[in-house]
Amino acid sequence: RIVHAAAIVSVLPSLAAPSHVTRVNIGGTLNVLEAMRLFEVERAVHISSEEVYGAFRREPADEEHPVAPTAPYGISKVASEQLGRFYRTVYRTDFINVRTSWVYGPGFPRQRIPRTLIEAALAGRPLHLPRSGDARIDHTYLDDCVTGILLALDHASHPFDVYNVASGEGRTIAEMVALVQELIPGADLSVGPGPYWYDDRLVAPPKGALDVGRAKAVLGYQPEYDLRRGLAAYIEWYRRGQPSPRI
């Protein structure tokens, strides 16, 4: 069994080079599926994204929510999921999709909140985000994400081929900033109002909480970290000198 996490990740690279990102992400998934078919690999868990939903039409968004991604990254994830369904139907390849949402925590490599907020606060640097404070997002702590992936990988059989793995709560970026200020007294942080912008060309669609009921019922998934507890654990990891994350 394998975890298929290989991709060019996030919306921003897909805005800069849409043809490259779609070619790598979709072609890479097709390569994985072909290798599974040829070598009779039992199962793959594909790391998908809440980006597939586009603008949330209801909240919490469950797995039956319409998919309408707004950027090439999300489009590549929908295409990868659909390729997996084709192989599952025709070749009986067990290809399971886990839709994650704004994962954060020890070792996270990308320069994105809350990493940027925590690093600035611990270094005593001011950080003032001009906008995005009203954006509501399901922020998922790394340990919960890994737990959900392993549950999907190890489950005996799957009645569904897609599961949301997230915290199950939507919190605004303004709330996140306030929590970091609470956990790191004296942190000079602020965020202006408005939606989240990927860059100056594209505003992020309205989001919110993901419904994790299916993963709970089928896989026994139970998120352990709300945003406050996750941020506290992340900050403690920094204060301990950034040891190697637990795998």
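Q: What is the relative accessible area of E182?
A: The model is predicted, so local features need pLDDT of at least 70, side-chain atom pairs pLDDT 80 or more, while totals for chains, interfaces and linings use all residues. Residues are numbered from 1 along each chain as its sequence is written, and side-chain values use heavy atoms, without hydrogens or water. E182 is partly exposed (buried is under 20% relative accessible area, exposed over 50%, partly exposed in between; 1.4 Å probe, protein chains only). Its relative accessible area is 44%.

Q: Which residue meets the side chain of E182 in a salt bridge?
A: A salt bridge is a side-chain nitrogen of Lys or Arg within 4 Å of a carboxyl oxygen of Asp or Glu. For E182 the N to O distance is 2.5 Å. The partner is partly exposed, with a relative accessible area of 38%. The residue is R228.

Q: How many residues apart in sequence are the parts that E182 and R228 tie together?
A: E182 lies in helix 6 (residues 173-183) and R228 in helix 8 (residues 227-239); helices (H or I, at least four residues) and strands (E, at least two) are DSSP runs numbered from the N terminus. Their salt bridge therefore ties together parts separated in sequence by 46 residues.

Q: Which residue of helix 2 forms a salt bridge with R37?
A: R37 is partly exposed at 31% relative accessible area, and its partner is partly exposed at 25%. Both lie in helix 2 (residues 18-39), 3 residues apart, about one turn of the helix. The closest N and O atoms are 2.8 Å apart, and the partner is E34.

Q: Is R201 buried or exposed?
A: R201 forms a salt bridge with D199, with the closest N and O atoms 2.5 Å apart. D199 is buried, with a relative accessible area of 16%. R201 has 61% relative accessibility and so counts as exposed.

Q: How many of the 7 residues of strand 3 are buried?
A: D94, I96, V98 and T100 point one way from strand 3, and F95, N97 and R99 the other way. Both sets are buried. For strand 3 (residues 94-100) the number of buried residues is 7.

Q: Which residue of strand 8 stands opposite R99?
A: Strand 3 pairs with strand 2 in the parallel sense over 7 bridges, where pairing needs at least two DSSP bridges. On that side R99 is the bridge partner of S48. Strand 3 also pairs in the parallel sense with strand 8 (residues 162-164), over 3 bridges. In strand 8, R99 stands opposite N164.

Q: Which residues are linked with R99 in a network of salt bridges?
A: By the rule above, the count comes to 20 salt bridges. The network that holds R99 links it with E81, R85 and D161.
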